[in-house]
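Hi,

Here is the structure I promised to pass on to you. Have a look at it first, and my notes on what turned up follow just below.

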Amino acid sequence: MLCMYMINMLLRGTMALTQIDIDEDALTEAMRLSGAKTKKDTVNLALREFAARHRRVAALEHYASLAAGWDFEGWQQRRAAEKNPAS
């Protein structure tokens, strides 16, 4: 069931008064799981966690692409040669 709810969203230090439809069951569950006391806090927390999750995924994809071209065996050989130049 959707209901209309006025939400003040805190985004980067600015407040925006936004009217949106919110799934009450999902909001209630999110409040229970997060321990947030208000609907506003729950929505703000969800927005911050959503953005943080996407930043983590982007970072993981970036580092995975760097690692894809990494030659571990070659690195091991170079490191061993550096440690023991007489070989």
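Gly 35, just after H1, takes a positive phi of about 80°. Please keep in mind that this is a predicted model. The other end of that helix has something to look at too: where H1 (residues 24-34) starts, a side-chain oxygen of Asp 23 comes within 3.0 Å of the backbone nitrogen of Asp 25.

Next, the pocket. The largest one has a volume of about 160 Å³. Two or more lining residues come from each of H1 and helix H2 (39-68), and H2 gives the most, with 7 residues. The full lining is Ala 30, Ser 34, Thr 42, Leu 45, Ala 46, Glu 49, Phe 50, Arg 53 and Arg 56. If you are thinking about its chemistry, the lining of the largest pocket splits into 4 nonpolar, 2 polar and 3 charged residues. As you go through the list, it may help to recall that an α-helix has 3.6 residues a turn, so residues three or four places apart point the same way.

Finally, the aromatics. Searching the whole structure gives 3 aromatic pairs. One of them joins Trp 70 and Phe 72, with 5.4 Å centre to centre and 65° between the planes, which makes the pair edge-to-face. Trp 70 and Phe 72 also belong to one aromatic cluster with Trp 75. Is Phe 72 buried or exposed? Neither label fits, because its relative accessible area is 35%, and Phe 72 therefore counts as partly exposed.

Happy to talk any of this through.

Best wishes

Note on methods:
Residues numbered from 1 in each chain as written. Predicted model: local features only at pLDDT ≥ 70, side-chain atom pairs only at ≥ 80, totals over all residues. Heavy atoms only, no water. Polar contact = N/O pair within 3.5 Å; in protein donor to acceptor, adjacent residues only side chain to side chain. Helix = DSSP H or I, 4+ residues; strand = E, 2+ residues; numbered from the N terminus. Phe/Tyr/Trp six-rings, centres within 6.5 Å; stacked < 30°, edge-to-face > 60°. Buried < 20%, exposed > 50% of the residue type's maximum accessible area, 1.4 Å probe, protein only. 1 Å grid on protein atoms, 1.4 Å probe; cavity = no way out; pocket = protein on both sides within 12 Å on 5 of 7 lines; lining within 4 Å. Points joined across faces, edges and corners; volume = space filled by probe spheres on them. Nonpolar A, V, L, I, M, F, W, Y, C, P; charged D, E, K, R; others polar.
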